Amino acid sequence: DTLDHRDSTDIVSTFIPKAEYTFLSSAHGTFSRTDHITAHKSALNRYNRYKKVDITPCTFSDHNAIKLELDS
C-alpha cells in the first residue's frame, strides 16, 4: 500500500516478476523476499536507466545481494 500511495514500484519485481528469495531465517527455516529497491514509477519510463537486476547468493550473510545495473 505504501508503494502505491507514493506512486512507487519495486524495481526488482519489475525486472524479475517471480524473484528469488533474498532472506533466510535460519531460526525458523523460512525463506522470504524482504529486500527491495524502490523508485518512482515515472522514473522507469522517463529515464530508462535501469538495465538489469540480479539476485546473488551470499554465503556470509542471511541476506542475498541485489545488484542493479544502471545505464550511465
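Aspartate D10 is located in strand β1, which covers residues 8-10. The model is a predicted one, and the description below applies to that prediction. With a relative accessibility of 7%, D10 counts as buried, because buried means under 20% relative accessible area. The side chain of D10 has polar partners a short way along the sequence. It reaches the backbone nitrogen of V12 at 3.3 Å, and a polar contact of 2.9 Å joins it to the side chain of S13. Once neighbours within four places in sequence are set aside, the residues in contact with D10 are L3, R33, H36, I37 and T38.

The next residue to consider is I11. With neighbours within four places in sequence again left out, I11 is in contact with I37, T38, A39, L44, Y50, V53 and L68. Residues I37 and T38 also appear among the contacts of D10. I11 itself belongs to the largest nonpolar core, a set of eight residues made up of I11, V12, A39, A43, L44, Y50, V53 and I55. Helix α2 (11-15), helix α3 (41-46) and strand β5 (50-56) each supply at least two residues of this core. Strand β5 provides the largest share, with three residues. In soluble globular proteins, nonpolar side chains tend to be buried together. V12 thus appears in two settings: it is a member of the core, and its backbone nitrogen is reached by the side chain of D10.

Strand β5 also leads to the charged pairs. A search of the whole structure finds two salt bridges. In one of them, the side chains of D71 and K51 meet at 3.9 Å, N to O. This pair links distant parts of the chain, since K51 is in strand β5 and D71 is in the segment after β6, with their positions 20 residues apart in sequence. Both partners fall in the intermediate class of accessibility: D71 is partly exposed, with a relative accessible area of 40%, and K51 counts as partly exposed at 38%. Neither value is under 20% or over 50%, so both residues belong to the partly exposed class.

The surroundings of D71 can be described further. Not counting residues up to four places away in sequence, D71 touches R49 and K51. K51 is therefore both a contact of D71 and its salt-bridge partner. From D71 to V53, the C-alpha to C-alpha distance is 12 Å, and the two residues are 18 apart in sequence. V53 is one of the core residues.

The other salt bridge joins the side chains of K52 and D54, at 3.8 Å, N to O. K52 counts as partly exposed at 41% relative accessibility, and D54 counts as partly exposed at 27%.

A further aspartate, D7, is notable for its backbone. D7 has a positive phi of about 55° although it is not a glycine. D7 lies in the loop between α1 and β1, and at 35% relative accessibility it counts as partly exposed.

These details fit into the following overall arrangement. The protein has three helices and six strands, which follow the pattern α-β-α-β-β-β-α-β-β when read along the sequence. Along its principal axes, the C-alpha trace spans about 40 × 30 × 15 Å. Of the 72 residues in the protein, 24% are buried. Among contacts with a separation of 6 or more, 52% are between residues 24 or more positions apart. The protein exposes about 5400 Å², and carbon and sulfur atoms supply 50% of that area.

Confidence in the prediction varies along the chain. The mean pLDDT of the protein is 78, and 90% of the residues reach 70 or more. Confidence is lowest in helix α1 (residues 2-5), at a mean of 72, and highest in strand β6 (residues 65-70), at 84. D71 lies in the segment after β6, whereas D7 lies in the loop that follows α1 and leads to β1.

Methods:
Residues are numbered from 1 along each chain as its sequence is written. This is a predicted model: local features need pLDDT of at least 70, side-chain atom pairs count only at pLDDT 80 or more; totals for chains, interfaces and linings use all residues. Side-chain values use heavy atoms; hydrogens and water are left out. pLDDT is the predictor's confidence in each residue, from 0 to 100. Helices (H or I, at least four residues) and strands (E, at least two) are DSSP runs, numbered from the N terminus. Contact means heavy atoms within 4.5 Å. Buried means under 20% relative accessible area, exposed over 50%, partly exposed in between (1.4 Å probe, protein chains only). A polar contact is a pair of N or O atoms within 3.5 Å; within protein, one must be able to donate a hydrogen and the other to accept it, and residues adjacent in sequence count only if both atoms are side-chain atoms. A nonpolar core is a set of buried Ala, Val, Leu, Ile, Met, Phe, Trp, Tyr and Cys residues joined through side-chain atoms within 4.5 Å. A salt bridge is a side-chain nitrogen of Lys or Arg within 4 Å of a carboxyl oxygen of Asp or Glu. Accessible areas come from the Shrake-Rupley method with a 1.4 Å probe; for residues, only the protein chains shown count as cover.
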